[in-house]
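Me: I would like to go through this two-chain model step by step, with the reasoning behind each answer set out. Please look at the sequence and the structure first.

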Amino acid sequence: MHYLMTIVGTTRFSSDGVMSSDAIEAMNRAFPAWNEKVKDRRLFGRELDLPGTASIVRVRDGEPLVVDGPFAETKEFMAGFSLLDCADLDDAIEVASSSPVAWHHRIEIRPFTQGVRLTDRAAAFGRGDDNPYLLISWMREPRVDLAPACDRWRDDLTARGLYVLGGALGGADTATTIGTRDGATELADGPFTETPEFIAAIDVVDGVDRRQAIKLAATHPFAGTDAIEVRPFYTE
Amino acid sequence: MNAQHALDAAFRESWGRIVAALIRRTGNWDLAEECAQEAFVEAVRKWPADGVPQRPIAWLTTVAGNRAIDRLRREARGAQLLEQIGHEADVETMFDEVEEIEDDRLRLIFTCCHPALPMDGRVALTLRSLIGLTTAEIARAFLVPEATVAKRLTRTKSKIAAAGIAYRVPPAHLLPERTAGVLAVLYLMFNEGYSASSGEELIRVGLCDDAIRLARSLRQLMPDEPEVAGALALMLLQHSRRRARLDDNGELVTLEDQERARWDRAEIDEALELLESALRRGAAGPYQLQAAIAACHARAATAAETDWPQVAGLYALLEAQAPSPVVRLNRAVAVAMAGDLDAGLAMVDELGTDPRMARYYLLDAARADMLRRRGDPRGAADAYRRALPLAPSEAERRFLQRRITEL
C-alpha cells in the first residue's frame, strides 16, 4: 500500500529557531542510516518551504481567485513529506517512527486511495534547475465523484511532461498521527490538522514557474469546489 | 441440557471464534458478523425442536461457514475471493477446522485493539466481534445513543480496511506494547462496568464479566505474558469485592468498612495464584503492581491488618513506571495509612497545585479523611464540602454527606 507520511512542522521550531543547531545536526547525521534502512519502502521524500511562501488558488464561477499565505493560520503545518510503499499500517508506522525526524516532529500517516502516481520526473527530482511545486487540495467534504476528472487532469499533465507525483488520499478518518513521548511511540487516531478542511490530495508539478504553477492549480478539479495551496519546496 | 442453556453456552463459547475465523478467511467483518448471527438464529429455530446437536459449536460453525459461502457466491467480488481460496471442493471444507485455530481469536483481539483506532471504537468493536453484544446492548452499556455506537463501529471497521491495519498477531518486537494496548481496552471495559453497580444497570455490570472473560481467553492464548495474568488478577480482585461495595440500601461502602466475608474467596484465590506465578517471572509491569496492591487488601483479614507500608512501597514502584497524579494520590493515602499522616498530607497538598486534579473530588476526600484522622474535624468538614460538588455520582455524594454528618 502507498502511504503519505507528512512531517508536521510547528511555528515553534521553524520560524523562531527554537530547535537548536545541535539538534538539527544530530538529525542530519542520523538521516543516511535511516534512509538506507527504509530505502525499499520510501519512494520519495522532500522538505517544503514554509507555509508563508504559499499561494491559495480557488476558482469560482470560472474566475480564478489567488491569495497569498498559508491556507490555515495554524500552529502546525505540512513541513515535508515522504511517499511510502509498505505492507500495511504497522510497517508504515515502523518506517515513520524510526525516522530521526520523529525525534522532534509529529508525523501523520495516511493511505492513498488508489495508490500514488510517480512519473519519470520523480526519479530525476531536484537534479536539474527545475522548479517543483506541491499542490495541496484542502477540502471540507470528500468528493469521490470528482475522482475521474482528477485522473484525467493528472493524465493531461503527465502527457505534457509536467507531472511528478501524487494522488488522492483517504479521508481524515483513515489518518494516524505518530508522536513520541519519553522515547516511546504514541499513536493517535486522526489527522494532524485541526481545521474543518482536510488534505484530500497532493500533486507535485515541475518545470514551471510560480505563475504557471498557480495556473495549473486553477485547472485542478478541486479548485472549483474547494482550495488548492501551491507551495514551493525547500532549497538550500 | 435444554436448548436455551445450550444456546447461551454455545454463544458465549463460540461467537468470537466463528467471527474471527470468518474474518480471516473472507476479510469481511460485516459478512462475518452477519453469518455468525444467522447461524445462531438458525439454532434458535431448530434446536428446541430437533434437539441440541452433539457438537453444538461445530454445528454453528458449519452453518455460519455455509452462509458465508452462499453469500460470497452471489457477489462478483466474493466469487473472485472463493476462486483465490481454492477449488470448489476445498471451499466446502474451508470452515471445517475453525474451532481448532486459537490464533484467529488472538488476531481478532489485536486488530480490534489496534492503537491507531479510536479508543471508543476499539471498545465497541471488541464487544461486538468478540463478545457478540449487539449495537443496542453496547449503547446501553455506555449510556450513548445506538446511532452513535453504530457510527463508531462503521468508522472503526472502515479505518481497518482503508488504512491497511493487518489482521494478525503483531510481530514479537511489537508484542509487549500492543498487548498493553489490548489490556488497556479490557480494563477500561471492566471499569465502565465496575463504576455502575446498581440493580437497574445490570447490562453495564455485565461489562465486568465480559472483560474478565476476554482476559481469561487472552491468558489462555498468551500464557507466557505476565502482564496479561496481572491484568486478569487485578480485575478478579476488584470483582471479588462487588457484593461488599454497596450496603443493603445501595450506599457505597469504603474498602475499610466493607464486610470482608462478602468478598468472593474463589476469585481472590484464583487471582493470588495468577499473580504469584506472574511475579515469579521478574520485573513486574503496571498491571501486576496494581494487582499486588489489591492483593494486600485481599490478604488482610480486617482493614486494620492491611500491610500499608507494603502498599505504599508498591505505589512508589507503580509511580516510577506509570507516573500520574492519581497514582500519586493513592500513594499519599497509603503513606498516611502506614502511619505518616504529615507526609501523606504534604503529598496531597502538593497535588492540589496540579491543574489535572482541580476537579478530582477524591483529592479533597482524601485530604478530608487524613484531617479527620489527625483530629481536625473542622478542616475535614471543609475538605468534604469542597469535594461534594465535584463527585460524579449520587452514591458518592451521599457518601460524602454521610461523612460530614459523622464528624
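Me: How many residues do chain A and chain B each give to the contact?
Reply: This is a predicted model, in which local features need pLDDT of at least 70, side-chain atom pairs count only at pLDDT 80 or more, and totals for chains, interfaces and linings use all residues. Residues are numbered from 1 along each chain as its sequence is written, while chains are lettered from A and ligands numbered from 1 in the order in which they are written. Two residues are in contact if their C-beta atoms, placed from the backbone, lie within 7 Å. On that criterion the contact takes 11 residues from chain A and 14 residues from chain B.

Me: Which elements give two or more residues to the side of chain A that touches chain B?
Reply: Helices (H or I, at least four residues) and strands (E, at least two) are DSSP runs, numbered from the N terminus. By class, this side of chain A has four nonpolar, three polar and four charged residues, where Ala, Val, Leu, Ile, Met, Phe, Trp, Tyr, Cys and Pro count as nonpolar, Asp, Glu, Lys and Arg as charged, and the others, Gly among them, as polar. The elements giving two or more residues are α3 (89-97) and β11 (184-189) of chain A.

Me: What is the radius of gyration of chain A?
Reply: Chain A has six helices and 13 strands. The radius of gyration is taken over C-alpha atoms, and the globule rule is 2.2 Å times the number of residues to the power 0.38. For 236 residues that rule gives 18 Å, and the value for chain A is close to it, so chain A is as compact as a globular protein of that length, with a radius of gyration of 17 Å.

Me: How many helices does chain B have?
Reply: The C-alpha atoms of chain B fill a box of roughly 80 × 45 × 40 Å, taken along the principal axes. Residues 24 or more positions apart account for 58% of the contacts in chain B with a separation of 6 or more. Chain B has zero strands, and its number of helices is 20.

Me: At what angle do helix α16 and helix α18 of chain B pack?
Reply: Axes are lines fitted to C-alpha atoms, for helices over the stretch in contact, and angles run from 0 to 180 degrees between N-to-C directions. The axes of helix α16 (residues 325-337) and helix α18 (residues 361-373) of chain B are 11 Å apart, and the angle is about 10 degrees. That makes α16(B) roughly parallel to α18(B), the cut-off being angles under 35 degrees. The contact includes B:Leu329 and B:Ala332 of α16(B) and B:Leu362 and B:Met370 of α18(B), and the angle asked for is about 10 degrees.

Me: Is B:Ala124 buried or exposed?
Reply: B:Ala124 lies in helix α7 (residues 119-131) of chain B, and beyond its neighbours within four places in sequence its contacts include B:Ile138, B:Val149 and B:Leu153. A residue is buried if 20 or more other C-beta atoms lie within 10 Å of its own, exposed if 12 or fewer, and partly exposed in between, with C-beta atoms placed from the backbone. Because 28 other C-beta atoms lie within 10 Å, B:Ala124 is buried.

Me: Which helix gives the largest share of the largest nonpolar core?
Reply: A nonpolar core is a set of buried Ala, Val, Leu, Ile, Met, Phe, Trp, Tyr and Cys residues joined through C-beta atoms within 7 Å. Of the 103 residues in the largest one, B:Leu22, B:Leu186, B:Ala211, B:Ala233, B:Leu237 and B:Ala291 touch the most other members. The largest share of this core, nine residues, comes from helix α12 (residues 226-239) of chain B.

Notes:
Parallel < 35°, antiparallel > 145°, perpendicular 65-115°, else oblique.
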